[in-house]
Amino acid sequence: MKRWFTILLPLLLVGCVNSNEQNDAPLVVEQIPEQITVQFEQPSSRTMVQEDRYICWTEGDEISYFPHQNVNLQYRLQSVDGETAKFTRISTPDASSEKLDLGYAVYPYAENVAVLANGDVKVQLPAMQYYAEESFGVGATTMVAVSEQSGATLRFKSIVGFLKLQLYGSEVVVKRIEFRGNRGEKLAGEAVVGNLKDAVSSVTMGASATDVVTLDCGEGVRVSGDKSNPTAFWLALPSQLFEEGFSITIYDDKGTPHVKSSSKPYTTYRNMIQPMKAVDVVGDTLLDIE
């Protein structure tokens with residue numbers, strides 16, 4: 001368990017110390033954990049559904065961890081045992097930082113993750129996501145965790161939901177997919193997560209947030225030609241009511257755009273997977289929930 005050491009200053013000097021300096025404490029590297037233990041809620045935000053199994057972490061995954069002080073430390077996945085994973089510290093902390101009442105963690109790691117003065121956390125929701133077979137790519141989703149005790153297992157909860165597009169077509173290769181709300185809803189970029197100790201945290205998109213999320217399919221993904229067995233494409237989106245529906249634009253390997261849309265109100269829910277009905281990349285124009 002971490003111990004904080006207080007240096008007693010002569011009374012004569014007390015008036016020279018401002019309130020911010022009184023909240024600072026030395027960071028002793030030996031007291032910062034080399035390894036932390038994390039778990040996740042079901043269904044996991046790193047979900048790969050295959051034979052009813054959830055595969056939750058990928059080699060190279062990293063998290064930001066604030067060890068009861070306001071310093072953003074970088075930890076990388078070390079091992080996984082069922083629903084529990086261990087992450088090892090790969091960064092060196094600064095000499096001192098402001099004390100925090102809680103320990104905070106955010107997946108994925110980013111240098112600009114920050115704990116705000118009111119205890120909320122500033123994160124970045126990715127505008128660019130990357131295709132993964134029967135799943136979503138590394139870093140597509142965002143999770144947060146808080147702990148009251150140093151050394152306690154960090155239990156992550158997702159702050160986004162998951163849209164599962166299901167596409168088919170004859171000799172069609174998909175290069176990228178763009179998602180937009182029909183009223184220009186904010187979807188990616190700076191966001192502030194509040195109520196972190198509650199079962200459902202609040203998420204407020206920042207003024208600079210963007211209204212499009214792009215799924216990059218790399219060299220291209222050849223979709224199934226069978227409507228009964230379509231190819232899945234996953235997007236991680238903030239919890240949001242799309243009052244006038246949403247649209248997706250599918251770009252094939254020739255650069256041709258194929259627009260699909262729905263004018264029905266649609267809501268993405270935190271940590272829920274919502275599959276859409278299978279659509280023909282070339283032929284269909286309407287989207288609907290499965």
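1. Two strands pair if DSSP finds at least two bridges between them. With that in hand, look at strand E6 (residues 73-81) and strand E7 (residues 84-89) in this predicted model. The two run antiparallel and are joined by six bridges. One residue to click on here is Tyr75, whose bridge partner in E7 is Arg89.

2. Now zoom out to the barrel. Seven strands close it, and going round the order is E2-E7-E6-E5-E9-E14-E15. The pairing is mixed. From one strand to the next, the twist averages 35 degrees.

3. Staying with the barrel, have a look at Ser147, which is found in strand E14 (residues 143-147). Is Ser147 buried or exposed? Its relative accessibility is 6%, and buried means under 20%, so Ser147 counts as buried. Leaving aside neighbours within four places in sequence, Ser147 is in contact with His68, Leu102, Gly103, Ala152 and Leu154. The C-alpha atom of Ser147 is also 6.6 Å from that of Tyr104, although the two residues are 43 residues apart along the chain.

4. On to the nonpolar cores. In soluble globular proteins, nonpolar side chains tend to be buried together. Here the largest nonpolar core has 26 residues, and those with the most contacts inside it are Leu163, Leu167, Val174, Ile177, Phe179 and Phe233. The elements giving two or more residues to this core are strands E16 (160-168), E17 (173-181), E20 (212-222), E21 (231-238) and E23 (246-252). E20 gives the most, with four residues. There is also a second, separate core of 24 residues, which includes Leu100, Val115, Phe162 and Ala191.

5. Phe179 deserves its own view. Not counting residues up to four places away in sequence, Phe179 touches Leu163, Leu187, Asp211, Val212, Val213, Leu235, Leu237, Phe242, Phe246, Ser247 and Ile248.

6. Next, the aromatics. How many aromatic pairs are there? The count comes to twelve. Take Trp57 and Phe156: their ring centres are 6.2 Å apart and their planes sit at 65 degrees, so the pair is edge-to-face. This pair links distant parts of the chain, 99 residues apart, with Trp57 in the loop between strand E4 (53-54) and strand E5 (62-66) and Phe156 in strand E15 (residues 154-158). Trp57 and Phe156 are both buried. Together with Phe87 and Tyr107, Trp57 and Phe156 form one aromatic cluster.

7. For another aromatic pair, try Phe136 and Trp234. This one is tilted, at 5.8 Å centre to centre and 55 degrees between the planes. The pair links distant parts of the chain too: Phe136 is in strand E13 (residues 135-136) and Trp234 is in strand E21, 98 residues apart. Both Phe136 and Trp234 are buried.

8. Last stop, His258 in strand E24 (residues 257-262). Which residue's side chain does the side chain of His258 join in a polar contact of 3.1 Å? That would be Asp252. His258 has a relative accessible area of 12%, so it counts as buried. Apart from neighbours within four places in sequence, His258 is in contact with Ile248, Thr249, Ile250, Asp252, Val281 and Val282.

Technical notes. Residues are numbered from 1 along each chain as its sequence is written. This is a predicted model: local features need pLDDT of at least 70, side-chain atom pairs count only at pLDDT 80 or more; totals for chains, interfaces and linings use all residues. Side-chain values use heavy atoms; hydrogens and water are left out. A nonpolar core is a set of buried Ala, Val, Leu, Ile, Met, Phe, Trp, Tyr and Cys residues joined through side-chain atoms within 4.5 Å. Buried means under 20% relative accessible area, exposed over 50%, partly exposed in between (1.4 Å probe, protein chains only). Contact means heavy atoms within 4.5 Å. Axes are lines fitted to C-alpha atoms, for helices over the stretch in contact, and angles run from 0 to 180 degrees between N-to-C directions. A polar contact is a pair of N or O atoms within 3.5 Å; within protein, one must be able to donate a hydrogen and the other to accept it, and residues adjacent in sequence count only if both atoms are side-chain atoms. Rings of Phe, Tyr and Trp (its six-membered ring) pair if their centres lie within 6.5 Å; planes under 30 degrees apart count as stacked, over 60 as edge-to-face and the rest as tilted.
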